[in-house]
Amino acid sequence: MYRHFFKRLIDFLTAAGVLIILSPVIGIIIVVLCFTNRGKVFFFQDRPGKNGKIFKIVKFKTMSDAKDGQGNLLPDMERLSKTGRFIRNASLDEIPQLWNVLKGDMSLIGPRPLLVEYLPLYDETQSRRHEVRPGITGQAQVNGRNAISWQRKFQWDVWYVEHLSLCLDVKIFCKTILKVFRSEGINSGQTNTMERFNGTN
């Protein structure tokens, strides 16, 4: 009953309430990013959701679109401004995803939605992460986030699918709050984002 009805109800009511409460913070971030990103506030990207259905995720834009002489985007670390780094370290860039939760594309808790190009690279077990709505945070995020290997991340995602419950979601939510305040597991090694997934083999 929780998986098929109450989880979605809780997601909707919580996302709506948090958006209202954080509206002053959201307003400040929008103003700051308007100046630092030359008016570009939001980042949109296609991501696979439940059952692999593609949706457009929205986040605050923390990196510039700076390119090299050949027209290629510069490495993440060179495009991430001080303001963007602060917003990302505080996980404030995730706030707009509450809109995705309201729409039903995402859940508050679940496997993180990854890149569409990864879909054909998953094995049968890894693909099970799409049996539920993707989340703003999840079991993998509170157990290492970008600091753990892809293999371990997928293991946690599938474990969540198999053990999904209200009690587990509450535990993950509480752990997420602690992680955000401690800024733990945000980066992978010396990079600011997780390395690309190239398949299990």
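Which element gives the largest share of the nonpolar patch? In this predicted model, the answer is helix α1, with six residues. The legends below take a closer look.

**View 1. A nonpolar patch on the surface, with residues from α1 and α7.** Here you can pick out Met1, Phe5, Phe6, Leu9, Ile10, Phe12, Leu13, Leu166 and Val170, which together offer about 850 Å² of accessible area. Two elements, α1 (2–21) and α7 (166–182), each give two or more residues to this patch. The largest share, six residues, belongs to α1.

**View 2. Ile10, a member of the nonpolar patch.** Follow helix α1 and you will find Ile10 within it. Ile10 counts as partly exposed because its relative accessibility is 34%, between the 20% and 50% cut-offs.

**View 3. The second largest pocket, with a volume of about 190 Å³.** Its lining is made up of Arg3, His4, Lys7, Arg8, Asp11, Lys50, Ser107, Glu131, Val132, Arg133 and Leu164. If you are wondering about the chemistry, seven of the lining residues are charged, two are polar and two are nonpolar. Helix α1 turns up again here, giving the most to the lining with five residues.

**View 4. Ile177 in helix α7.** Ile177 has a relative accessible area of 38%, so this residue is partly exposed. For a sense of distance, look from Ile177 to Gly135: their C-alpha atoms are 15 Å apart in space, and the two residues are 42 apart in sequence.

Terms used: Residues are numbered from 1 along each chain as its sequence is written. This is a predicted model: local features need pLDDT of at least 70, side-chain atom pairs count only at pLDDT 80 or more; totals for chains, interfaces and linings use all residues. Side-chain values use heavy atoms; hydrogens and water are left out. Patches are made of residues with over 30% relative accessible area and no salt bridge: like charges are joined within 9 Å, nonpolar side chains (Val, Leu, Ile, Met, Phe, Trp, Tyr) within 5 Å. Accessible areas come from the Shrake-Rupley method with a 1.4 Å probe; for residues, only the protein chains shown count as cover. A salt bridge is a side-chain nitrogen of Lys or Arg within 4 Å of a carboxyl oxygen of Asp or Glu. Helices (H or I, at least four residues) and strands (E, at least two) are DSSP runs, numbered from the N terminus. Buried means under 20% relative accessible area, exposed over 50%, partly exposed in between (1.4 Å probe, protein chains only). On a 1 Å grid over the protein atoms alone, a cavity is a set of points where a 1.4 Å probe fits but cannot get out, and a pocket is an open set with protein on both sides within 12 Å along at least five of seven lines; lining residues have an atom within 4 Å of a point. Grid points are joined across faces, edges and corners, and a volume is the space filled by probe spheres set on the points. Ala, Val, Leu, Ile, Met, Phe, Trp, Tyr, Cys and Pro count as nonpolar, Asp, Glu, Lys and Arg as charged, and the others, Gly among them, as polar.
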